[in-house]
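These are my notebook entries on one structure. I record what I looked up, beginning with helix packing and ending with the sheet.

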Amino acid sequence: MRLRLFTAALAGAALMTQLAGAASAQTAQAAPSTAIDWAECGTTYKGECATIKVPMDYAKPDGAKIDLAIGRLKALDPAKRQGVLFVHPGGPGGSGLNAYIMGRGIPDDSPLRQYFDIVSVDPRGVGRSTPILCGEDVVNETPLTYPANEAEYQNWLAFNAKLSKDCRERTGPLFDHVGTTNVVRDVDSIRAALGERQISFFAISYGTQVGQGYAEMFPKNLRAMAIDSNMDHSITSAYQYMKTATEDLEGSYLAFAKWCGETAACALHGQDATAVLDGLLAKARAGTLKDPETGAVISDEELRIEVFEPMYKPSTGFFPLAERLKALAVGQAEQQVADKPVAAESAEAKSTARASAEASTSTAEGVNYAYPVIWCSDWKWNIRSFAELDAYKRRLKAIAPHTELSPFWTDVMSCLNWQGKTSNPQHRLKISGTPPILVIKAKDDVATPAAWNYAAARQIPRSVVLEYDGVGHGQFRNSTCARDYIEKYLINRTLPAPGTHCATQFPTEPPATTLAPQDSPRSITGRPVH
C-alpha cells in the first residue's frame, strides 16, 4: 500500500475573539454570552464561523490559550428554537466545521434544523483550531502492516517513539493537552461562550466518547443527548478490543454475502461471496493479487480495507464492493456504462475526495496529524511482546475465518512505546444527574461494534438503546427509522420504548453516487478512523 497524505488548504476565514475564563462548573448556570465575531464561511453550503480562545491547560485557566474554530447554523424557524444542538465530529481528527457547518451532516430537510442552532467545532489539535503538527517525512514512514515477526514488531515500536517525539517537538506544549477530557471541557467552554444554560448533544463514533465524557463531567448542562455508534472507553484488554472489532467486520461481510445472494443486481449474485473473498485474500497473501486497473500488487491488508470501508454505509457501498470483488476475481477492470455509476473509485480519486473534505494543514512546520496524538492520550495497552500480539492474530482468524482481522488493529499497535502521557486512560463511566440518554447501535458495525454500544449503555443510567438490525456506522444516515427516532427525541425528549428495533435497510439498486469521505473516513495516512 502506498502511503498518501490527504492534505488540503485551510478553508474559510475565522475571526478571533477572547473567551473570558474557563467554563468548568459542573452545574448548569446562565452564562453571559461572549462577544463572538461570527463571519460567513463555506462555499457550496454556507454557515457562520468564528474563533474563540480557551485554556490550553484547564488546570491553569489563566495560562496559555489556544484557538478553537467553531461554527453555527442558525435555527431555520426562530419561533420554534429550542437552543443549541452541539454536534461533535468523529475521528479523532475529524472537522466539525467541514461535516456539519460547511457540509450538511445534518441535512437542511431534517426537523432538527428548524428547532436548533447547529453548533460544531474543529476540536483542539485539529484543522482550523490550534493544530497538532508532525513532520511529513516522518508520517510517511508509518508502517502499514500487522507485524509478521519480531523485527517488524520492533520497527513499529521504534517508529511510534520517533513519531511521538517529532509531533511533540513540532506541536509544543499542546501535545500534552489533547486528551478527550480536555475536549469535553472545550465543549462546555463553547456552551458558556454562547451564553447557553444547557445544550442538547448529538454525535456519531468518536464524538460519542466526548458525549459520554460530557455527561460524566457536566450532567446538569445537558438538555438531551443522543449518541450514535458508541465507543467503549472502558476496554482495557487489547485482545478484547481487536476481537470485538473483528467480530463485527466478519458479521458485516456475512450480511453483505447474504444480501448479495438475495439481490439479483449484485455483481456476485449466484456466487458464494465468502468463497470469493477467501480466494482473493489467499492470492493477496501470496503476492499474486493485482489491481486490474493499474497492475499494482494488492496486499491482504489493502484488500481487507477495501472490504471494510463499504460497511460504513451499505446504501452506497454494497453494490460497488460486489463489482470490485468480481473484477479482482476475474482480473478485469470494472465495466463502466454511461447510465451506471462508477463501480469503484480509483485510489487516487479517493485520495482527492478525502483531501477536499479535510481541514488539515500542510506547512513547513509539518502536517496536521491529530489521530495518534489524541488517541494515545486516551488509550494505553499492555502488550508485552511480539509473541503475545502474534497469538492475537491467530486467535482472531479462528473467530473470523473470512475477514480475519479488523483494520483497527492499528488502534492498539500505534500506542505501543508512544512517548507521550496517557492523560485520559480507560475507565468505566461514572454518570449521574443527566436526562435520559439515547444510545443508537447497529447489529454489526465495523467502527464501533455492537459490544461497545451495549457496554457503554450499561454504564449510563436511564439510557435507552435503539437497535438497528442492519449493518452500518452512524445509524442517523443508514436508517430512516433510526433518524426519525433520533430527531423526535432531541426535539421532544420522547424516547423510544426499551427494546425498540429498526428493520434492516439495504440497497435494492446501484447508488447514484459512491461513498463520500464522511462515509468511510480516514486519517492522512490512509488508515480508517472512528
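Entry 1, helix H9 with helix H10. I worked from a predicted model. I looked up the packing of H9, residues 300–308, on H10, residues 314–330, and found an angle of about 150 degrees with the axes 10 Å apart. Angles over 145 degrees count as roughly antiparallel, and H9 and H10 are therefore roughly antiparallel to each other. I listed the contact residues next: H9 contributes Leu303, Glu306 and Val307, while H10 contributes Leu321, Arg324, Leu325 and Leu328. By class I noted five nonpolar, two charged and no polar residues in the contact of H9 with H10.

Entry 2, helix H8 with helix H9. For H8 and H9 I noted an angle of about 150 degrees and axes 8 Å apart. H8 is thus roughly antiparallel to H9. On the H8 side I recorded Leu277, Leu280, Leu281, Ala284 and Arg285, and these meet Asp300, Leu303, Arg304 and Val307 in H9. The contact of H8 with H9 divides into six nonpolar, three charged and no polar residues.

Entry 3, helix H7 with helix H8. I then turned to H7, residues 238–262, and H8, residues 273–286, whose axes come within 8 Å and cross at roughly 125 degrees. That angle makes H7 oblique to H8. From H7 I listed Tyr253, Leu254, Phe256 and Ala257, and from H8 Ala273, Thr274 and Leu277. The class count for the contact of H7 with H8 was six nonpolar, one polar and no charged residues.

Entry 4, Thr142. Is Thr142 buried or exposed? I found a relative accessible area of 10%; buried means under 20%, so Thr142 is buried. I located Thr142 in the loop between helix H3 (136–139) and helix H4 (150–171). A polar atom of the Thr142 side chain lies 2.5 Å from the backbone oxygen of Val139.

Entry 5, the sheet. In what order do the 10 strands of the open sheet run? I read the order as E1-E2-E3-E5-E4-E6-E7-E10-E11-E12, with mixed pairing. The edge strands are E1 (39–41) and E12 (501–502), and each pairs on one side only.

Entry 6, strands E1 to E3. I found E1 and E2 to be antiparallel and joined by three bridges. One pair I noted is Cys41, whose bridge partner in E2 is Gly47. E1 and E2 form a hairpin with five residues between them, and Gly42 in the turn has a positive phi of about 105 degrees. E2 also runs antiparallel to E3, residues 65–73, with eight bridges joining E2 to E3. I noted Glu48 opposite Arg72 in E3. As to burial, eight of the nine residues of E2 (residues 47–55) are buried, so E2 is largely enclosed by the rest of the structure.

Entry 7, strands E4 and E5, and helix H6. I looked up E4, residues 84–88, and E5, residues 117–122, and found that they pair in the parallel sense over three bridges. The bridge partner of Val84 in E5 is Asp117. I closed with H6, residues 206–217, which packs on the sheet and touches E4, E6 (199–205), E7 (222–230) and E10 (437–444). The direction of H6 makes about 145 degrees with that of E6.

Notes: Residues numbered from 1 in each chain as written. Predicted model: local features only at pLDDT ≥ 70, side-chain atom pairs only at ≥ 80, totals over all residues. Heavy atoms only, no water. Axes fitted to C-alpha atoms, helices over the stretch in contact; angles between N-to-C directions. Helix = DSSP H or I, 4+ residues; strand = E, 2+ residues; numbered from the N terminus. Parallel < 35°, antiparallel > 145°, perpendicular 65-115°, else oblique. Contact = heavy atoms within 4.5 Å. Nonpolar A, V, L, I, M, F, W, Y, C, P; charged D, E, K, R; others polar. Buried < 20%, exposed > 50% of the residue type's maximum accessible area, 1.4 Å probe, protein only. Polar contact = N/O pair within 3.5 Å; in protein donor to acceptor, adjacent residues only side chain to side chain. Pairing = 2+ DSSP bridges.
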